[in-house]
Each structure stands twice: as C-alpha cells, then as structure tokens.
Amino acid sequence: MQSYRLNADRVLELVEGPTPTPGRGQVLIRVKATSLNSRDMVIASGLYPFPPLPNLIQLSDAAGVIEAVGPDTTRFRVGDRVVNSFNPTWYGGLLRKLGQMYGTDIDGWLSGYAVVDENVLVSMPEHLSFEEAATLPCAALTGWSAVAGVGPGDTVLVQGSGGVSLFALQFARTVGARVIATTSSEAKAERLRELGASDVVNYAETPDWGSVVRKLTDDRGVDIVVEVGGAATISQSVEALALHGTISLVGHLGGAGQGMDLMPLSLRFATLRAIGVGSRSDLEEMNRVIAQHRVRPVIDRVFPFSEALQAFEHFAHGSRFGKVVVSH
C-alpha cells in the first residue's frame, strides 16, 4: 500500500504552537475545513514531477473564518467566511507565468491557522458549510472552466463520479444543457441521474462507450467532453464528440499513453483544450452562480482532522462519489 508523507510534526507544531500574527495586507484565518485533490495525492506520495520544497504543509483547498487582519487590509473583516484561490498569484485574465503553489513552493492548508495575503481569498457562498466550501478552489473551479461557454441545447459528457465531473454536471445543468455521464456501477449511475444526468453509460460493461453516446444523441455527438482519463479514454471521447466539439482535458487518471491518432480529432474539426483550474476572478464568478442556484457540492466523506492520513488512504483506495473533506 502507498505511504503518504504529511509532515505530521510541522502540522502539529502549527496547530499547537502560538497563533501567528498577520502583517501588512495579510489576514489570519482559522481553517475550518480542507479537501483533497488528485494533485495532493501525487505530491504526498513523492511522485510529483516538480519536486516540492521539503517539509511543507499539504492541501491546496480550504475554507475558514478570518480571525484577525493586519494593517492596510481592505478586502475582508474579522468574522468573514472565506475560501482560498487555488493559484495564489493568478487574479484574472490569462495566466502568463506560473507562480508559487500550495504544497510545492509554499505551505498548504492542513493546519489550524494560516496567515496569507488578503488577495488570495474570496468570500464563500453563504448557504454552504465550511466542509462544502472547502471543495470549491480546485475541483469546482476546474469543472466550471471545463464547461465554460455551454448553454441551453448543448450536450456535455462527463466521465466518472469524481469531484470535477460532478461539479461539471451540476454547472452544465444550471444553464439548461443536457448531460450524459459514464460510470462503472449501477449504484453510481442512479446517483448521477439524481444529479441531472439524462443518460449514464457503464464503461466497464461497454468499453466502446463513445459509440453508445453517439446513439444517445442521434449520431450527432456531444458538444463538450470533460476528459479526466487522459490517454486511456480520449479515443472514446473523440468518438463521442460532435463536429466542432471540444474536449476539456482536466486529468490523466488512466495513466500515460503511447501516442494518439489525431486524425479522428481533425475530422471532427475539434478543439482539445487543457484546463488549468482558473483565476481568482473566475472563482468569484463561479461562487456567484453557486449562490444564485443554491448549488451544493457532493461530498463523499468527511474525516476529522485527527484522521487526515485516513482521508488520503480513502481518496486513493476507496470507492468515491464526490469530494473527500477534512474537518478541522
């Protein structure tokens, strides 16, 4: 079984040590909840392609309450409930340069308190709990970006029942799009239908599910595929795609491939776009839609802070439907 390095000594030091003081333009956050993403698993297992700095605190997504503000802080007040932006230096527009990231270059959020620049934060939707809001910075915003531009009359294909796919399903449904989903079990299929999927295809029973999706759309195909499998599934995604359709590449859960025949993609005049989560401005826009439509994140399981390691194990080896969260 894979082992995960969570730097427990530093986590304990930050939890039980003195409460830090925010400096100019900074705020002190009492972290109330964090959530796990595939990126966190790769970092903690020591397999991340860009080696992280030693002894950093993990997890990139959090929700909490502001307990103190430093001088010249203008965006928030004590008592405000907030979530962090996944990319702490991407405020809006196109991302021109990769900055420091949580868990690889700077401390993440698996802690009791955190002092951060106020500009990395946004207000969380009022109807959500801290556990629900902690799922927003990465998975939700990735799903939001993956279905950007979708509208009524469009058809979206989502793969599986991970956090990104479920958020993409929910966001597509809020604008009146049809959603077709793939999964490997009837129990999960039923839950996907409850969330609004019009049809669900069992990819375990039907490896050539792309052709099934085409039949479900009267051979037209889908307008957007939220691709989480990568090389292992992209050929079926292309098969399911409509002319001038788009594949939003958000993950590589199926592992690396040996190459891909690009001719089918060309014959559909298709677009393949890689999704890099989103900016703080995107997060704020998404949160407004979540609040307006009362969208509720799907949570698979909440672990207490003392069982953070078990949360990692469950994420890696459990049968999940939705997000895995740690309550602080």
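A charge sits over a ring if CZ of Arg is within 6 Å of the ring centre and within 35 degrees of the ring normal. Keep that in mind for the start. This is a predicted model.

Take Arg-81. Its charged end sits over the ring of Phe-130, 5.1 Å from the ring's centre. Arg-30 does likewise with Tyr-113, with its charged end 5.2 Å from the centre of that ring.

Now ring against ring. How many aromatic pairs does a search of the whole structure find? Four. Look at Phe-167 and Phe-171. Their ring centres are 6.0 Å apart and their planes stand at 20°, so this pair is stacked. Both residues lie in helix α5, residues 163-174. They are four residues apart, about one turn of the helix. Buried or exposed? Phe-167 has a relative accessible area of 2%, so it is buried. Phe-171 is at 3%, so it counts as buried too. Trp-144 joins these two phenylalanines in one aromatic cluster.

Next, the sheet. Six strands form it, and it is open. The order is β8-β7-β6-β9-β10-β11, with parallel pairing. The edges are β8 (199-202) and β11 (271-274), each pairing on one side only. On average, neighbouring strands are turned by 20° against each other, direction ignored. Where does α5 come in? Helix α5 packs on this sheet, touching β6 (155-159), β7 and β9 (222-227). The direction of α5 makes about 165° with that of β6.

Stay at the β8 edge. Strand β7, residues 178-183, pairs with β8 over four bridges, in the parallel sense. Thr-183 stands opposite Asn-202 in β8.

On to charges. Side chains of opposite charge can pair when their charged atoms come close. The whole structure has eight salt bridges. Here are some of them.

Asp-72 bridges to Arg-24, with the closest N and O atoms 2.2 Å apart. Asp-72 is in the loop between β2 (61-69) and β3 (81-84), and Arg-24 is in the loop between α1 (8-16) and β1 (26-35). That is 48 residues apart along the chain. Asp-72 is exposed at 53% relative accessibility, and Arg-24 is exposed at 60%.

Arg-296 meets Glu-132 at 2.8 Å, N to O. These two are 164 residues apart. Arg-296 is partly exposed at 40%, whereas Glu-132 is buried at 10%.

Last, back to the sheet. Asp-199 and Arg-178 meet in a salt bridge at 2.7 Å. Asp-199 is in strand β8 and Arg-178 in strand β7. Asp-199 is partly exposed at 21%, and Arg-178 is partly exposed at 27%.

Definitions and conventions. Residues numbered from 1 in each chain as written. Predicted model: local features only at pLDDT ≥ 70, side-chain atom pairs only at ≥ 80, totals over all residues. Heavy atoms only, no water. Phe/Tyr/Trp six-rings, centres within 6.5 Å; stacked < 30°, edge-to-face > 60°. Buried < 20%, exposed > 50% of the residue type's maximum accessible area, 1.4 Å probe, protein only. Pairing = 2+ DSSP bridges. Axes fitted to C-alpha atoms, helices over the stretch in contact; angles between N-to-C directions. Contact = heavy atoms within 4.5 Å. Salt bridge = Lys/Arg side-chain N within 4 Å of Asp/Glu carboxyl O.
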